Amino acid sequence: SGKFYQHAPAEASQATLASVSPVFAVMKLDKEGNTAFFEKKKTELYQELGLQARDLRFQHLMSIATRNNRIIMRMEFLKAVITPEFLLILDYRNLNLEHWLFNELASQLSGEGQLVTYSLPFEFRAIEAILQHWISKLQGRLNTLQPQILETLEALVDPKLLSVDRSKLHILLQNGKSLSELETDLKVFKETILEILDEEELIEELCLSKWTDPQVFEESTSGIDHAEEMELLLENYYRQAEDLANEARELRVLIDDSESIIFINLDSHRNVMMRLNLQLTMGTFSLSLFGLIGVAFGMNLESSLEEDPRIFWLVTGIMFLGSGLIWRRLLSFLGRHLEPPLPPHVPAVLKKSQPAAGRVEIKNNLKAETFGLSRSTLTNQ
């Protein structure tokens with residue numbers, strides 16, 4: 001009885017763990033494009049596939065791995081397991097990819113689509129279909145962002161505008177964040193593909209039919225080994241991701257340059273306002289300086305000058321004339337100190353000698369490169 005009470009809690013805990021194991025909604029597609037849907041627990045699924053529990057954990061956002069003649073792929077929310085006979089899409093209901101899953105994927109796997117690998121084994125078609133969909137998704141995101149960013153930048157860099165529209169800046173900030181997310185996804189995608197391209201063994205393991213039916217994997221129709229076909233396939237999508245990354249990088253550079261132009265325009269308007277403020281301040285100072293004469297004559301003191309009617313016009317003229325002269329002198333002083341310095345004078349002899357020296361240096365470099373190439377050619381021969 002003691003042994004019975006000792007083993008009973010363990011059996012109950014195991015039953016509880018088995019009952020709460022996650023359930024995958026699975027979409028199964030075979031070579032002919034036939035589709036089946038079912039639900040299965042994680043424990044039952046990895047046991048049927050000959051995998052381990054950690055293989056279906058999908059820890060990374062993007063990964064391509066192999067185990068026990070199975071390819072395990074994850075492209076963010078897309079989780080797939082590829083075998084030589086069928087493709088499994090896990091949790092297909094939460095992907096928001098109904099159009100691709102139900103209308104395009106089956107025809108691509110059956111050879112009716114425009115896949116380059118339609119004449120190769122099934123795993124080639126499955127891998128290319130997933131990579132093609134992911135590249136198309138990234139391309140669509142870039143095509144959506146590019147016109148929005150260009151339109152916003154064109155409105156912000158308009159030289160006729162004296163101020164910057166804050167709504168446009170808010171739109172540019174949101175597009176900049178989306179562009180950064182796209183650049184991150186492209187970088188992760190490229191790193192995932194590059195990790196496989198750097199390891200020859202991993203490329204061999206992706207060729208599943210090589211281990212199940214070696215006769216199929218002798219040579220392809222073009223006379224190239226199927227491992228090389230897999231390498232070319234991955235390299236093709238790596239190059240497409242690199243092209244998208246370059247376009248995204250050009251947009252990023254354009255945003256940075258436009259921000260510099262916007263800051264330069266704002267600084268220019270700010271300098272104009274500061275200069276105008278300084279000129280008004282100098283004018284006020286000039287009037288205040290010669291306004292002391294009017295203050296002196298405005299005091300309630302008797303003198304013989306206030307009896308002459310011409311003294312008022314004389315004093316007023318002296319005040320305005322003196323204020324104008326002082327303001328003019330201050331403006332000339334300000335102009336002399338704000339003008340940019342002139343570039344240093346370069347003698348004519350140096351101007352003529354510099355291009356010649358540059359041409360001699362270029363010729364020497366070309367001679368050295370030609371000599372090095374000839375030496376390497378002779379060495380190889």
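**Charges, salt bridges and backbone angles in a predicted model**

Three helices, α5 (166-197), α6 (200-206) and α8 (226-297), each contribute at least two residues to a negative patch. The structure that holds this patch is a predicted model. The patch lies on the surface and is formed by E191, E195, D198, E199, E200, E201, E205, E228, E231 and E235. One of these residues, E201, is found in helix α6. E201 counts as exposed because its relative accessibility is 60%, and the cut-off for exposed is over 50%.

Helix α8 also overlaps with an annotation. In an unreviewed entry, UniProt lists residues 227-261 as a "coiled-coil region". In the model, this span is 100% helix and 0% strand, and the C-alpha atoms at its two ends are 51 Å apart.

Attention may now turn from the patch to charged pairs. How many salt bridges does a search of the whole structure find? The search gives 7. Three of them are described here, beginning with a pair that involves helix α8.

The side chains of E242 and K190 form a salt bridge, with 2.6 Å from N to O. E242 belongs to helix α8 and K190 to helix α5, so this pair ties together parts that are 52 residues apart in sequence. The two partners fall into separate accessibility classes: E242 counts as partly exposed at 23% relative accessibility, whereas K190 is buried, with a relative accessible area of 14%. The cut-off explains this assignment, because buried means under 20% relative accessible area.

A second salt bridge joins the side chains of R67 and D55, at 2.7 Å from N to O. R67 is in the loop between β3 (62-66) and β4 (71-75), while D55 is in the loop between α2 (42-49) and β3; the pair is 12 residues apart and links distant parts of the chain. R67 is partly exposed, since its relative accessibility is 30%. D55, at 10%, counts as buried.

The loop between β3 and β4 contains another residue to examine, N69. Its phi is near 60 degrees, which is a positive value in a residue other than glycine. Most residues other than glycine have a negative phi. N69 is partly exposed, with a relative accessible area of 21%.

The third salt bridge is formed by the side chains of D91 and K79, at 3.7 Å from N to O. D91 is in the loop between β6 (86-90) and α3 (98-109), and K79 is in strand β5 (residues 78-82); this pair, too, is 12 residues apart and links distant parts of the chain. Are D91 and K79 buried or exposed? D91 is buried, because its relative accessible area is 19%. K79 also counts as buried, at 18% relative accessibility. In addition to its salt bridge, D91 has a backbone feature: its phi is positive, at about 55 degrees, although D91 is not a glycine.

A final stop is strand β2 (residues 35-41), where F37 is located. Which class does F37 belong to, given a relative accessible area of 41%? F37 is partly exposed, because that class takes in values between the cut-offs of 20% and 50%. F37 and V26 are 11 residues apart in sequence, and their C-alpha atoms are 5.8 Å apart in space.

Notes: Residues are numbered from 1 along each chain as its sequence is written. This is a predicted model: local features need pLDDT of at least 70, side-chain atom pairs count only at pLDDT 80 or more; totals for chains, interfaces and linings use all residues. Side-chain values use heavy atoms; hydrogens and water are left out. Patches are made of residues with over 30% relative accessible area and no salt bridge: like charges are joined within 9 Å, nonpolar side chains (Val, Leu, Ile, Met, Phe, Trp, Tyr) within 5 Å. Accessible areas come from the Shrake-Rupley method with a 1.4 Å probe; for residues, only the protein chains shown count as cover. A salt bridge is a side-chain nitrogen of Lys or Arg within 4 Å of a carboxyl oxygen of Asp or Glu. Lys and Arg count as positive and Asp and Glu as negative; His and the chain ends are not counted. The place of a charge is taken as NZ of Lys, CZ of Arg, CG of Asp or CD of Glu. Helices (H or I, at least four residues) and strands (E, at least two) are DSSP runs, numbered from the N terminus. Buried means under 20% relative accessible area, exposed over 50%, partly exposed in between (1.4 Å probe, protein chains only). UniProt positions are given in the numbering used here, feature names are shortened, and annotations may be inferred rather than shown by experiment.
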